[in-house]
Amino acid sequence: MKKQFKNFMKYRFLLGELVKKGIKLKYRRSYLGIVWSLLEPLFEMIVLTIVFGTLFDNSDRTFPIYILTGRLLYSFFSQGTKASLKSIRSNSAMIKKVYVPKYLYPMSSVLFNYVIFLISLIVLVLVSLILGVYPTRYVFMALVALVLILVFTYGVGMILATLGVFFRDMEYLWNVALMLIMYMCAIFYYPQRLLDSGYSWILKWNPLYCIIAIFRDAVFGRMPDIQMLLYSTVFSFGSLLVGLFVFRKRQDEFILHI
Amino acid sequence: MGKKVLKVNNVSMKFNLSTEKVDSVKEYFIKLVKREIKHDEFWALRDISFSLEKGDRLGILGLNGAGKSTLLKVIAGVFKPTTGSVERHGKIAPLLELGAGFDMQYTGAENIYLYGAVLGYSRDFIQSKYNEIVEFSELGKFIDVPLKNYSSGMRSRLGFAIATIVEPEILILDEVLSVGDAKFRKKSEKKVTDMFDKGVTVLFVSHSLEQVRRLCNKAIILDHGKLISVGDIDTVAEVYEKMIE
């Protein structure tokens, strides 16, 4: 354990460089650069509000915030896991030639998306203030949600990164799965009707929805549901443990498959 | 005698040939059903043991496919041996393939930091050596140009400059002394021999027995993953000469 920590300290500069590289290259050669991390969710929020708010006759004026919170967390999860899934393969040239702790690749993919995600939270703050949703003392619960989603995404990312090495199909399967997850997360519809129907388990047992719900409650100034909080915490750290275990067990075989 | 810098203990490396071919879930299941997943084992290295002291320069001889590169990669830590272990004391500079960690969209300057980090250098260290690296690579103002616009010679020059900026305890050379044009080659050879003089431990792979004789004091011969001979350069060279006749 101590040795691993020492090793990590030795390579933390590389981790920083990889995170920086991810952010820099994502927006390189676009005129607006990093500003896109703000504009993208903003435009998407406007489109979704028009489609699901105006056309479906939803007159709630805080609906854009509802959409934005869901879409920001979901898109971090989706971008982070996707990048993590590809991380081993896309760094194969490096892995084959130099020794570097391999967990750095999924970790840096998740972290650089996390940084972009944190920057894009500025949009949420601005939109909330404009639409008159002001922070209450529950806003600190948002930090819990932000930690949980990071842990959850990294855990799932490690599992996917391992699978992605052995089966190339994972990339496509995961895209389909992500679409399904998106519809199961109540991003642009209110969950009430689904919760009242016989299919409430879709939301209740969906860790990503739970995290989104905690985050929303924090933003709208409500105390998050304790059961959801417990469930998503256990699930997030559980997936982290599984991810670490699977990754560690298989990482020495990666090089034979890339 | 000096202290042991590198110890290779009973290292064996097994590859599973069949697993490398299955690429998709579908293929896997089809092959599983047809019972076509054979486990063709291939031992690239078998029970290799030797040790080096500080200042030793080891030539690794052997025909193509004897396992030389695999051995170097095991020592560099890229491959984990199936059985056995490698003990290293001190910093390793693997000059295996220069610039493997480069990013083509990054500029030369950004790549110095990235590749330096890949090799395990600290930020302060790279900052303090930055000018030296740029100077040695002779890139001048091209250092701020994205790497995709570099010629291959420029790329390897930069790679060589970054990889040799440390003063390693163990230097791994896999026929990289042929980098760049004649002028740069001279310069890089001088840099490597300077390192030799400082008492670095060297692992050197070459097909040229003459070159190995000139540079090394010890040698080993590999054949189909087995250690045939190990010892003084003169005795081993004799065995090798008989072997290739």
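Where in chain A is Tyr31(A) found? Tyr31(A) sits in the loop between helix H1 (2–27) and helix H2 (36–55) of chain A. The legends below start from that residue and then move on to other close-ups of this predicted model.

**View 1. A nonpolar patch on the surface of chain A includes Tyr31(A).** Welcome to the loop between helix H1 and helix H2 of chain A, where Tyr31(A) is found. Tyr31(A) counts as exposed, because its relative accessibility is 89%. Together with Leu32(A), Ile34(A), Val35(A), Trp36(A), Phe43(A), Ile46(A), Ile50(A), Leu55(A) and Phe56(A), Tyr31(A) makes a nonpolar surface patch of about 1100 Å².

**View 2. Glu17(A) and Lys20(A) meet in a salt bridge.** Look here for the side chains of these two residues, which are 3.3 Å apart, N to O. Both residues belong to helix H1 of chain A, and because they are three residues apart there, about one helical turn separates them. Their surroundings are worth a look too: Glu17(A) is buried, with a relative accessible area of 3%, whereas Lys20(A) counts as partly exposed at 34% relative accessibility.

**View 3. Chain B and chain A meet at an interface with four salt bridges.** How many residues does each chain bring to the contact? Chain B gives 35 residues and chain A gives 28 residues. The area buried between the two chains is about 2800 Å², and carbon and sulfur atoms give 60% of that area. In one salt bridge, Lys80(B) pairs with Asp252(A), and the closest N and O atoms are 3.6 Å apart. For context, the count of salt bridges over all chains comes to 15.

**View 4. Chain B as a whole sets the scene for the next close-ups.** If you step back for a moment, you will find eight helices and nine strands in chain B. The chain has 245 residues, of which 50% count as buried. Among the contacts in chain B with a separation of 6 or more, 72% come from residues 24 or more positions apart. Chain B exposes about 11900 Å², and carbon and sulfur atoms supply 50% of it.

**View 5. Ala163(B) is a buried residue in helix H5 of chain B.** Helix H5 covers residues 152–163 of chain B, and Ala163(B) has its place there. The residue counts as buried because its relative accessible area is 3%. Which residues does Ala163(B) touch, not counting residues up to four places away in sequence? They are Ala93(B), Leu95(B), Leu98(B), Leu119(B) and Tyr121(B). Take Leu98(B) as an example: Ala163(B) and Leu98(B) are 65 residues apart in sequence, yet 7.7 Å apart in space, C-alpha to C-alpha.

**View 6. Strands E8 and E9 of chain B form a hairpin.** Strand E8 (residues 218–223) and strand E9 (residues 226–232) pair in the antiparallel sense over six bridges. Asp223(B) stands opposite Lys226(B) in E9(B), and two residues lie between the strands. One residue in the turn is His224(B), which has a positive phi of about 50° although it is not a glycine. Most residues other than glycine have a negative phi. At 61% relative accessibility, His224(B) counts as exposed.

**View 7. Asp47(B) has a positive phi without being a glycine.** The phi of Asp47(B) is about 50°. Here the setting is strand E2 (residues 41–53) of chain B. Asp47(B) counts as partly exposed, with 48% relative accessibility.

**View 8. Two salt bridges in chain B involve Glu132(B) and Glu138(B).** Side chains of opposite charge can pair when their charged atoms come close. Glu132(B) and Lys129(B) do so at 4.0 Å, N to O. These two residues are three residues apart in helix H4 (residues 123–137) of chain B, so about one helical turn separates them. Both are partly exposed, Glu132(B) with a relative accessible area of 40% and Lys129(B) with 22%. In the other pair, Glu138(B) and Lys187(B) have their closest N and O atoms 2.8 Å apart. Glu138(B) lies in the loop between H4 and H5 of chain B and Lys187(B) in helix H6 (residues 182–197), so the pair ties together parts that are 49 residues apart in sequence.

Terms used. Residues are numbered from 1 along each chain as its sequence is written. Chains are lettered from A and ligands numbered from 1 in the order in which they are written. This is a predicted model: local features need pLDDT of at least 70, side-chain atom pairs count only at pLDDT 80 or more; totals for chains, interfaces and linings use all residues. Side-chain values use heavy atoms; hydrogens and water are left out. Patches are made of residues with over 30% relative accessible area and no salt bridge: like charges are joined within 9 Å, nonpolar side chains (Val, Leu, Ile, Met, Phe, Trp, Tyr) within 5 Å. Accessible areas come from the Shrake-Rupley method with a 1.4 Å probe; for residues, only the protein chains shown count as cover. Helices (H or I, at least four residues) and strands (E, at least two) are DSSP runs, numbered from the N terminus. Buried means under 20% relative accessible area, exposed over 50%, partly exposed in between (1.4 Å probe, protein chains only). Two strands pair if DSSP finds at least two bridges between them. Contact means heavy atoms within 4.5 Å. Buried area is the accessible area (1.4 Å probe) that two parts lose on being put together, summed over both.
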